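Please look through the structure shown below before reading on, and keep it at hand while you follow the report.

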Amino acid sequence: MPAPIPADWREANRAMWDERVPIHAESDFYDLDSFRAGKDALRDFELAEVGDVTGRTLLHLQCHIGVDTLSWARHGAAQVVGLDFSEPAVETARALARELGMGPDRAAFVAADVHDAAQAVPDDAYDIVYTGIGALNWLPDIDRWAETAASLVAPGGFLYLAEFHPLTDCLDDETGSRIVHDYFSREAWVDETPGTYADFDAPTVNNRSVEWQHPVGSVVSALAAAGLRIEFLHEHDASLFARFPVLEHGSDGYYRFPAERPRIPLMYSVKASRPDGPGSRR
Ligand SMILES: C[S@@+](CC[C@H](N)C(=O)[O-])C[C@H]1O[C@@H](n2cnc3c(N)ncnc32)[C@H](O)[C@@H]1O
């Protein structure tokens, strides 16, 4: 039997994100001054795995304040579209695009729930649909997400996803060495922690959040069932932050287990393509 979904999940999450947008825009974590000055927000493994985006159209689902989206434009994407359900996030992204001299024909941002993306975005399909880095955990139904995301991939195009590995959420926070949560749990994870990953001490009032864990197998299978061909599933031994205190910060900027500790995957990435040719759109 499916686990119950809290009725207020969308409103609670949106209020939580709306409140955090101005905090993020002012934070050292997002460091928008450096971004404006040219700093790339994308991770090197994403750039290597996605490859050359020159001249391509790219849709970024759950784009937050748009720094990753706009970075793809800086890497040469002909047109980028970012979608997020937080109006303040979309407004911040639009302002950043204007500051970078990118008009809506080059970088457009739309406010909509990800499940309504097909109706909300300007085009039927995109060469690249990009998402991740803390996105899927906000969604209750991974099959529904995959159907929507896959429907927006143009024939000959692909979806690329980079996410934190859900196995990390099964381990104890203190040591990352004991399994304390069920990998296959379908229960909503409701939290009330104030602050944000960009500023743990920020005073906040909209703290209720509702999240879900999606096993890697269910994500990949959902994309395949939605008509995409899985090109790769990469598991990474590195993370973007100190998920466990024991992780060591490497000179490349990533966090890893010390050499003497057995490793587990800390992140994963998937590329899934839509074959070219007649009948390839569902
Ligand atoms: C952790 S952030 C993504 C982070 C992003 N990769 C970055 O660092 O800029 C998650 C984003 O998902 C958005 N989001 C959450 N649930 C959503 C939904 N149902 N539809 C659209 N956007 C959603 C939030 O507003 C937030 O901007």
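The report below goes through some strands, a helix, a few loop residues and the surroundings of a ligand.

## The model and its annotated domain

The structure is a predicted model, and every value in this report should be read with that in mind. The UniProt record, an unreviewed entry, places the feature "domain: Methyltransferase" at residues 59-157. In the model, the C-alpha atoms at the two ends of residues 59-157 lie 11 Å apart, and the span is 35% helix and 26% strand.

## Strand β1 and its two partners

Strand β1 covers residues 57-61, and 4 of its 5 residues are buried, which makes this strand mostly covered. Strand β2, made of residues 79-84, runs parallel to β1 and is joined to it by 5 bridges, with L61 standing opposite L83 of β2. Between these two strands the chain passes through helix α4, residues 67-74, and the resulting β-α-β crossover is right-handed.

Strand β1 is also joined to strand β4, residues 126-132, by 3 bridges, and here too the strands run parallel. In this pairing, L58 stands opposite I128 of β4. When you look at such strands, it helps to remember that in a regular strand the side chains alternate between the two faces of the sheet.

## Helix α4 and what covers it

How many of the 8 residues of α4 are buried? The count is 7, so to speak of the helix as mostly covered is fair, because a residue is called buried when 20 or more other C-beta atoms lie within 10 Å of its own. The buried residues of α4 are V67, D68, T69, L70, S71, W72 and A73, and what covers them includes α2, β1, β2, α5, β3 and β4.

As you trace this helix, bear in mind that an α-helix has 3.6 residues a turn, so residues three or four places apart point the same way. After α4 comes G76, whose phi is positive, near 115 degrees.

## The loop between β1 and α4

Two residues of the loop between β1 and α4 deserve a careful look, and one of them is Q62. Q62 is buried because 25 other C-beta atoms lie within 10 Å, and its phi is positive, about 60 degrees, although Q62 is not a glycine. For background, most residues other than glycine have a negative phi.

C63 is found in the loop between β1 and α4 as well, and C63 counts as buried because it has 25 C-beta neighbours inside 10 Å. Leaving aside residues up to four places away in sequence, C63 touches D68, T69, G82, L83, D84, A93 and F109. One of these contacts can be followed along the chain: C63 and D84 are 21 residues apart in sequence, while their C-alpha atoms are separated by 5.6 Å.

## Around the ligand

Which residues are closest to the ligand? The shell holds 16 residues, and the closest are Q62, H64, F85, I133 and G134. Helices α1 and α4 each supply at least two residues of this shell, which by class has 8 nonpolar, 5 polar and 3 charged residues.

## Strand β5 between two neighbours

Strand β5, residues 153-164, is largely enclosed by the rest of the structure, because 9 of its 12 residues are buried. Strands β4 and β5 pair in the parallel sense over 6 bridges, and A162 in β5 is the bridge partner of G132. The chain crosses from β4 to β5 through helix α7, residues 142-151, and this β-α-β crossover is right-handed.

Strand β5 also pairs with strand β11, residues 267-273, but in the antiparallel sense and over 7 bridges. In this pairing F164 stands opposite M267 of β11.

## Two residues in other loops

Is D31 buried, partly exposed or exposed? D31 counts as partly exposed because it has 14 C-beta neighbours inside 10 Å. D31 has its place in the loop between α1 and α2, and its phi is near 40 degrees, a positive value in a residue other than glycine.

P203 lies in the loop between β6 and β7, and P203 counts as exposed because it has 8 C-beta neighbours inside 10 Å. P203 and A7 are 196 residues apart in sequence, and their C-alpha atoms are 26 Å apart in space.

How values were computed. Residues numbered from 1 in each chain as written. Predicted model: local features only at pLDDT ≥ 70, side-chain atom pairs only at ≥ 80, totals over all residues. Helix = DSSP H or I, 4+ residues; strand = E, 2+ residues; numbered from the N terminus. Pairing = 2+ DSSP bridges. Right-handed = clockwise from strand over helix to strand, strands pointing away. Contact = placed C-beta atoms within 7 Å. Near = placed C-beta within 6 Å. Nonpolar A, V, L, I, M, F, W, Y, C, P; charged D, E, K, R; others polar. UniProt positions renumbered as here; feature names shortened; annotations may be inferred.
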